[in-house]
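The following exercises ask you to work from the coordinates to a description of burial, pairing and packing. Each task is followed by a solution that goes step by step.

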Amino acid sequence: MSARASRDSSADIATVVTSQKVREGRADEYRRWQDRTNHAAREFEGFVGAEVYPPGAGGANEWVTVFRFSGVDHLTAWLDSDRRAALLKEAHGLFEGPPTQEVLRGGSPAQETPKAVTAVISHDVKPGREQGFLKWQEKTLKAQEKAPGFMGSELFQPVEGVQQHWVVVFRFDSREHLDDWLASDVRAVLLEEGRKYFTAYDVRKVSSAFSGWFRFGHGNGEGAPPNWKQAMTVLLALYPTVMVLTLTLGDALNRVKFPLYLAMFLSNILSVSALTWLLMPLVNRALGFWLAPGRTLGRRSQMGGIAAVALCYLVSLAVFALITH
């Protein structure tokens, strides 16, 4: 997410962010329904990906879904489709009330960060007060930049014919810092000033928790990618690590006749350390679009991730074939 507010409405990607409060005890039904909805969306032209965010710890039972398409026309074709209407009718009774929804046109990708929390705030701007709202938003951004843990903000203009809200998306490095900003006296003063430009606003929080090598999910193991993706990516990082250690440390220890059991132990310490703190974070960042388990990928994106890993295998094999020969 960029540190400056973005006003580029010409970008191709279109995103819809939907928040819906699931009734108590219906979470499992909702997950099954949401999975069917994700797969239905994947069949539509222009589908890029879908993500599902469970409620944060201690928060309301509010689930957030994000669908991305390669243009507003493709997105609205999905939103207005009979297929989606049938799915929404099927889910009647799962939710406490009607969902809230914002359509965002454009936007830059956010860097994944442990414990980062995103806030989505929609504003009903008064007619004719748009320029004043923009100046107020710039002032708010400058105040946010001084707040502890602030990571960036983007401003999205209304999408003609789709929605009339102005939407601000900003991110903090933890829920505590986000809550501190939302409850701060500085923001309270800014909100009072901003009421000259908007009649109402709505705040939703989207939390991202991370753990271990695969930093995308919530709870114990719920956020891990499928086992076959884990195996492919660990092999991607493990093979060059073992080869480099074997060609350097291994040869050196063999020459001084270092005990094999100690040599293997030392090699494992170094390889696990390299994987945990260096290589796997890099792999996660590079292949995040493919590894994130809450994201339903289109066939092209799925095959693109597999092809990227396979290409890296071939490059590694070629490099070490040249070195060892």
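**Exercise 1. Determine which residues of helix α5 are buried, and how they are arranged around its axis.**

Solution. In helix α5 (residues 175-182), the buried residues are Leu178, Trp181 and Leu182, where buried means under 20% relative accessible area, exposed over 50% and partly exposed in between, with a 1.4 Å probe and protein chains only. These three cover an arc of only 95 degrees around the axis, which puts them on the same side of α5; the arc is that of the directions from the helix axis to the C-beta atoms. On the other side of α5, Glu176 and Asp180 are exposed. Helices (H or I, at least four residues) and strands (E, at least two) are DSSP runs, numbered from the N terminus.

The model is a predicted one, in which local features need pLDDT of at least 70 and side-chain atom pairs count only at pLDDT 80 or more, while totals for chains, interfaces and linings use all residues. Residues are numbered from 1 along each chain as its sequence is written, and side-chain values use heavy atoms, with hydrogens and water left out.

**Exercise 2. Describe the geometry and setting of the aromatic pair Tyr30 and Trp33.**

Solution. The structure holds 15 aromatic pairs, a pair being two rings of Phe, Tyr or Trp (its six-membered ring) with centres within 6.5 Å, counted as stacked if the planes are under 30 degrees apart, edge-to-face if over 60 and tilted for the rest. Tyr30 and Trp33 form a tilted pair, at 6.1 Å centre to centre and with 35 degrees between the planes. Both lie in helix α1 (residues 27-42), three residues apart, about one turn of the helix, and both are buried. Together with Trp63 and Phe95, Tyr30 and Trp33 form one aromatic cluster.

**Exercise 3. Establish how strand β5 is enclosed and which strand it is joined to.**

Solution. Eight of the nine residues of strand β5 (residues 117-125) are buried, so β5 is largely enclosed by the rest of the structure. Seven bridges join β5 to strand β7 (residues 166-172), and the two run antiparallel; strands pair if DSSP finds at least two bridges between them. Within this pairing, Val117 has Phe172 of β7 as its bridge partner.

**Exercise 4. Find the residues that Thr18 touches.**

Solution. Thr18 belongs to strand β1 (residues 14-21) and is buried, with a relative accessible area of 6%. Leaving out residues up to four places away in sequence, Thr18 touches Trp63, Val64, Thr65, Pro99, Thr100 and Gln101, a contact meaning heavy atoms within 4.5 Å.
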